[in-house]
Amino acid sequence: MQLIIVSGLIGSGKTTVSKLLKKKKFHYLNADGIAKDLLKTNKEIKEKLLNAFGKSISLGKNLSIKKIKEKLLVSKKNKIIIDRIVHPIFFSHVNSLLNKMKKSSVVFELPLIETSKNISRPFKILTVDCSFNNRLERSLKNKKISKLEFTKLNKMQSNRSFYINNSDFILSNNDTISTLKNKFEELYLRKLLIKMK
C-alpha cells in the first residue's frame, strides 16, 4: 500500500491537493467527512457526547454537527472531551478501511497532523503550507466561515513549524491554483510516484 496523508492548517489547500492525488488514481479518504458520518450513525459516540454535553447538542433524535462544532469552539477543554470520545472510534474505523485497501494507493486528508500516530499502516505526510493571511482570505471566501471561527479553529491546531517539522514533503500554496498544480506535478513526478508492482 502507498498511503499519503495530506495535512495542513485550516484553509491551506489540503482538499485541493488531495483531489489532485485522487486524479492520479489514489483512493480518497476525508477525515472530516468520515467524522461527520460517525457523528450521525455511531450509537456509542452519540451516547457519550450526550452524557458529556446534554441534549443541547441534539436536533430531534440525532446529534447536531453544528451544535457540536459550537461546543468545540467554546474551549480547549471541550475539544479534549470531544476528541477523547470520537478519536478512538474514528481511528478504529479508518484503520479498518485502510486494511481493506492493502493493495491500493490511498490519500487520506487529515487536518490534525499530530493524530497521524493513530494510523496503523506505514505512511508519508505531505503538508500543504500557506501563510496565515492567505489561509484566512481563502477560508472566508470559500468555506463561509467567520473570522472568529477561523481564528478559534486555527488556535486549536498545532503551529505551522510543527507541521513542517513533522512532514515528509512540504508543498507551498501561497500563489495561484495554477502554480500549486505545477508544484504538485513536480513533487508527484520526483518524489511521490511509486510504481506499483
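In this short talk I will go through the packing of one helix, the nonpolar cores, the aromatic pairs and a few salt bridges. Please keep in mind throughout that what we are looking at is a predicted model.

Let me begin with helix H4, which covers residues 65–74 and in which Ile68, Leu72 and Leu73 are buried. Those three residues cover an arc of only 140 degrees around the axis, and therefore they sit on the same side of H4. On the other side of H4 we find Lys66 and Val74, which are exposed. It helps to recall that an α-helix has 3.6 residues a turn, so residues three or four places apart point the same way. What do the buried residues of H4 pack against? Their partners are helix H2 (31–41), helix H3 (43–53), strand E4 (62–63), helix H5 (76–99) and helix H7 (147–156).

From there we can move to the nonpolar cores, and here the general background is that, in soluble globular proteins, nonpolar side chains tend to be buried together. In this model the largest nonpolar core has 38 residues, and those with the most contacts inside it are Ile45, Leu49, Phe90, Phe108 and Ile119. Several elements give two or more residues to this core, among them strand E1 (2–7), strand E5 (105–109) and the helix we began with, H4. Which element gives the largest share of this core? That is H5, from which eight residues come. If we take Ile45 as an example, and leave aside residues up to four places away in sequence, it touches Leu38, Leu39, Ile85, Val86 and Ile89. There is also a second, separate core of 16 residues, which includes Val17, Leu21, Val128 and Leu171.

Next come the aromatic rings, for which the count is three pairs. In the pair made by Phe90 and Phe91, the ring centres are 4.8 Å apart and the planes stand at 90 degrees, so this pair is edge-to-face, and both Phe90 and Phe91 are buried. Phe132 and Phe150 also form an edge-to-face pair, with 5.5 Å from centre to centre and 70 degrees between the planes. Because Phe132 lies in helix H6 (residues 132–142) and Phe150 in helix H7, this pair ties together parts that are 18 residues apart in sequence. Are these two rings buried or exposed? Phe132, at 35% relative accessibility, counts as partly exposed, whereas Phe150, at 0%, counts as buried.

Finally, let us turn to the salt bridges, of which there are six. One of them joins Asp83 and Lys79, with the closest N and O atoms 2.6 Å apart; both residues lie in helix H5, four residues apart, which is about one turn of the helix, and both Asp83 and Lys79 are buried. Arg190 and Glu186 form another salt bridge, at 3.3 Å between the closest N and O atoms, and these two are likewise four residues apart, this time in helix H9 (residues 177–192). Here Arg190 is exposed, with a relative accessible area of 67%, while Glu186 is partly exposed at 44%. A further salt bridge is the one in which the side chains of Asp175 and Lys183 meet, at 3.6 Å from N to O. Asp175 is partly exposed, with a relative accessible area of 45%, and Lys183 also counts as partly exposed, at 27%.

Notes:
Residues numbered from 1 in each chain as written. Predicted model: local features only at pLDDT ≥ 70, side-chain atom pairs only at ≥ 80, totals over all residues. Heavy atoms only, no water. Buried < 20%, exposed > 50% of the residue type's maximum accessible area, 1.4 Å probe, protein only. Arc of directions from axis to C-beta. Contact = heavy atoms within 4.5 Å. Core = buried A, V, L, I, M, F, W, Y, C linked by side-chain atoms within 4.5 Å. Phe/Tyr/Trp six-rings, centres within 6.5 Å; stacked < 30°, edge-to-face > 60°. Salt bridge = Lys/Arg side-chain N within 4 Å of Asp/Glu carboxyl O.
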